[in-house]
Amino acid sequence: MEQYSRLDTRTQSAVQSELVRMLDEAAALSGLDRTAWTRQPQGDLEFAVLPEATPEDAVLGPFVHHLAVRLGDRNTLPAAQRIRLRLAMDTGVVADAALGHAGPAPVAVARYINTPQLRSVLATLTAADLAVIVSDRLYQDVVRSGRPDLDAGQYVRVHVRVKEFGGYGWIRVPGHAPDEVRSAVAEAPKPSVDADAPSRTTLSQRVHQGAAVGRDVVGGLTVGLPVPPPAAGPWPAG
């Protein structure tokens, strides 16, 4: 949730409860069973792993729609502390680990949710309650498949480089046109380039049904069986 750390303790507790309620409602309205999600609460963060059989289009389409509607309805209430969220989605390899989860998918979700472009979009489009980024894999395999409730033209491609992660993501802001998103992306700070820095490792973007919600109230949903990495090759130009 944007500016979560500025809230006092009681308000932080209240908005955490509100976020969980809205996630539950959005999932139920989308035909998704939140009780089957493996959820990892982390204060202002929830990371969740969805069952393998979860249809990606239900998460990318109806779930995002209903979450945006729930946020909009809640934020119009008198004297309500406004909740604005970032949501990141990826799909791929994830495994249980001593401190939560391990694998390329959880790392990718954490990097997508913190990319400067997504932060800039939410900061610039002040009327928006939700900003969404999906991995290039999800965009190519699911969004562009022509499934109902998914419009590939609503997404704007960005190059993501956070720490050791590099790749492409696609940003969508419900209720805002792609040109507005492009203008907001242009406001993001450009990553610094250190000529003496070691080369970065490009992490796999092979993920299966995943999403992350927020910052500072954030979360992730990632799912899937291990899959062989794609053949090595250069990133697409552009």
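## Salt bridges and nonpolar cores

Glu 25 and Arg 21 lie 4 residues apart in helix α1, which places them about one helical turn from each other; helices (H or I, at least four residues) and strands (E, at least two) are DSSP runs numbered from the N terminus. The model is predicted: local features require pLDDT of at least 70 and side-chain atom pairs pLDDT 80 or more, while totals for chains, interfaces and linings use all residues. Residues are numbered from 1 along each chain as its sequence is written, and side-chain values use heavy atoms, without hydrogens and water.

**Salt bridges**

The structure contains 13 salt bridges, each a side-chain nitrogen of Lys or Arg within 4 Å of a carboxyl oxygen of Asp or Glu. Three of these pairs are tabulated with their closest N and O atoms.

| Acidic residue | Basic residue | N to O distance |
|---|---|---|
| Glu 2 | Arg 84 | 2.5 Å |
| Glu 25 | Arg 21 | 3.1 Å |
| Glu 46 | Arg 39 | 3.4 Å |

The pair of Glu 2 and Arg 84 joins distant parts of the chain: Glu 2 belongs to the segment before α1 and Arg 84 to the loop between α2 and β3, 82 residues apart. Accessibility is classed as buried (under 20% relative accessible area), exposed (over 50%) or partly exposed (in between), with a 1.4 Å probe and protein chains only. Arg 84 is buried at 6%, whereas Glu 2 is partly exposed at 26%. In the pair within α1, Glu 25 is partly exposed at 29%, and Arg 21 is partly exposed at 33%. Glu 46 is buried at 11%, while its partner Arg 39 is partly exposed at 34%.

Glu 25 and Arg 21 also belong to a network of salt bridges that links them with Glu 18, Arg 70, Asp 73 and Arg 74.

**Nonpolar cores**

The largest nonpolar core (buried Ala, Val, Leu, Ile, Met, Phe, Trp, Tyr and Cys residues joined through side-chain atoms within 4.5 Å) has 35 residues. Leu 60, Phe 63, Leu 67, Met 89, Leu 130 and Val 134 touch the most other members. At least two residues of this core come from each of α1 (9-29), α2 (56-75), β3 (85-89), β6 (130-135) and α5 (136-141). The greatest contribution is that of α2, with 8 residues.

Leaving aside residues up to four places away in sequence, Leu 60 is in contact with Met 89, Val 134, Leu 138, Val 142, Val 143, Leu 150, Tyr 155 and Arg 172, where contact means heavy atoms within 4.5 Å. A second, separate core has 21 residues, including Tyr 112, Ile 113, Val 173 and Ala 184.
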